[in-house]
Structures are given as structure tokens and as C-alpha cells.
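Reader: Please take a close look at the charged pairs in this model, and at the parts of the chain that they join. I would like a careful, connected account that also says where the prediction deserves caution.

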Amino acid sequence: MTSLAIARPHYSIRKFDPSRTIERPVLNELLDALRYCPSPTNLQPWRFLIAESAVTKAQLANAAKQVDANRKLELLDASHFILLCRLSDMSDSHLQALLAQEAAEGRFSDDSAQIAQHHARARRINLHRYERKDLAHWMEKHVYLALGSLISRAAALGIDAVPMEHFDQASVDAAFQLPQHGLTGVLLVALGYRSRDNGDGPGKSRLPAERIFMFR
């Protein structure tokens, strides 16, 4: 099956099949897609909360519904939720953990190469922290890269993914004590298998190619 054949039928569904659960080996593939997602300067400024218990799923589903009660999303029937979070700030401890992991994997030929990596990464961070003053927004961009990796892998595995920005972020952050762990919730994704009576019509509608591609 081609990548286009995989992507074309997938869209944000409105109803999951409550009888189907994502098996652990398949879930692990999805988590690997998040873990190995590209990240500028290999910064990895993210953490992922995996919700599989009924209690946690209900908390996240309610957080989404509170923002837009008119959306007919039967989220509680989803197999899993993933809350994609960013780091609240870029700490030195995180940077040192990155260097230690890279060194353990033999990515530096010598100490000077490790120091050069650290300085290059610090320059990029300082650019966003002090000059552009958009460090938090920049880290959120990394999280969106992770989202793309997740939903692409989900489509390839025949799993439906419903990403949501509109959820009660403050309530979710407080409920899971994210600020105490130096985290902020960014995106919520419901994962599972669509119900047979999903009732969403024919699927994706897209503008024609000549409207969106510009060749020069």
C-alpha cells in the first residue's frame, strides 16, 4: 500500500469503537514514533502522558468537552489518549542529560566535539530565549513535529487519531501536576479504531492541487 493510499482515508473521526483496544506491541510502535521524531538540534523538549486507565481517559475527555460542548465527540470510547507536553523552560539539567545520552551512544569523537555540540545548542536556545523571545513557542513547534510523526504512524497501522488543541489546558495541567514537573500541556490526541456507524460521510475534502502547490 502506498503512503497516499494510507493517508487519504484518514481524518478526524467522531466516534470510536469501544470494543477495540490498541494492543501493547502496536502502542509501542506509536510511542517509538514519538520518541524518534526529528527534533531541531536534537533538543527533545517534550514529555508524553499516556492515558489508558478509565479514570485518566475520563479526565482528558472531559477537558476537551468543556471547551466546546457542542462538538459531538464520543471520546471516552477511544482506546488511549496521549497528552503531548513541552518543557516549561529549557533547563541546564535537560541539556546535560542530552549530552550524557549522546556521549553514551558514542556520538562524539572526543571531548571537544561534545563541547562544540553543547555550545551550538546553547546558541540556538539563547537566540529564541533572548533575541526572538519565543522559546516556549519554539519548543511547541517541536511538539507539533512529534504530532505529525504520531498521526502518520497511526495511519500506517490502521489506527484513527484525533488531535485536539482546544481543551482545558489549565485544568489538565493542574490535574496532573504538570507545572510541578516543569511541563505544560500542548496537544491532546485520542487514539483507537473508528466505529462502523461513525457517520462522518465520505472522508477528507481537500482543495485541488493547483490551488495549494506553487512551482517556481
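Author: Glutamate 29 has a relative accessibility of 34%, and because buried means under 20% and exposed over 50%, glutamate 29 counts as partly exposed. This is a predicted model, and the pairing described here is read from its computed coordinates. Glutamate 29 forms a salt bridge with arginine 153, in which the closest N and O atoms are 2.4 Å apart. Arginine 153 belongs to helix α6 and glutamate 29 to helix α2, so their pairing ties together parts of the chain that lie 124 residues apart in sequence. Arginine 153, with a relative accessible area of 31%, is partly exposed as well.

Helix α2, which covers residues 24-35, has the highest mean pLDDT among the elements of the chain, at 98, whereas helix α1, residues 3-7, has the lowest, at 56. Where pLDDT is low, predicted coordinates should not be read in detail. Over the whole chain the average pLDDT is 89, and 88% of the residues score at least 70.

The other partner helix, α6, runs over residues 135-156; at 1.5 Å a residue its 22 residues should span 32 Å, and the 33 Å between its end C-alpha atoms agrees with that. Several residues of α6 are buried, including Leu135, Trp138, Met139, His142, Val143, Ala146 and Leu150. An α-helix has 3.6 residues a turn, so residues three or four places apart point the same way. After α6 comes glycine 158, whose phi is positive, near 75°.

Helix α2 takes part in another such pair through arginine 24, which forms a salt bridge with glutamate 52, the closest N and O atoms being 3.0 Å apart. Here too distant parts of the chain are linked, since arginine 24 is in α2 while glutamate 52 sits in the loop between β1 and α3, 28 residues apart. Arginine 24 counts as partly exposed at 43% relative accessibility, and glutamate 52 counts as partly exposed at 40%.

A further pair lies between aspartate 89 and arginine 129, whose closest N and O atoms are 2.8 Å apart. Aspartate 89 is in the loop between β2 and α4, and arginine 129 is in helix α5, residues 111-131, with their positions 40 residues apart in sequence. Aspartate 89 is partly exposed, with a relative accessible area of 46%, and arginine 129 counts as partly exposed at 24%. In the whole structure, a search finds seven salt bridges.

As for the setting of these pairs, the chain comprises eight helices and four strands, and buried residues make up 37% of its 216 residues. Of the contacts between residues at least 6 apart in sequence, 80% join residues at least 24 apart. The largest nonpolar core has 31 residues, among which Phe81, Leu83, Met90, Met164, Leu188 and Ala190 touch the most other members. Helix α6 is one of the elements that give two or more residues to this core, as are β1, α3 and β2. Apart from it lies another core, of 20 residues, which includes Ile22, Ala146, Val186 and Tyr193.

Definitions and conventions
Residues numbered from 1 in each chain as written. Predicted model: local features only at pLDDT ≥ 70, side-chain atom pairs only at ≥ 80, totals over all residues. Heavy atoms only, no water. Expected span 1.5 Å × (residues − 1). Buried < 20%, exposed > 50% of the residue type's maximum accessible area, 1.4 Å probe, protein only. pLDDT = per-residue confidence, 0-100. Contact = heavy atoms within 4.5 Å. Core = buried A, V, L, I, M, F, W, Y, C linked by side-chain atoms within 4.5 Å. Salt bridge = Lys/Arg side-chain N within 4 Å of Asp/Glu carboxyl O.
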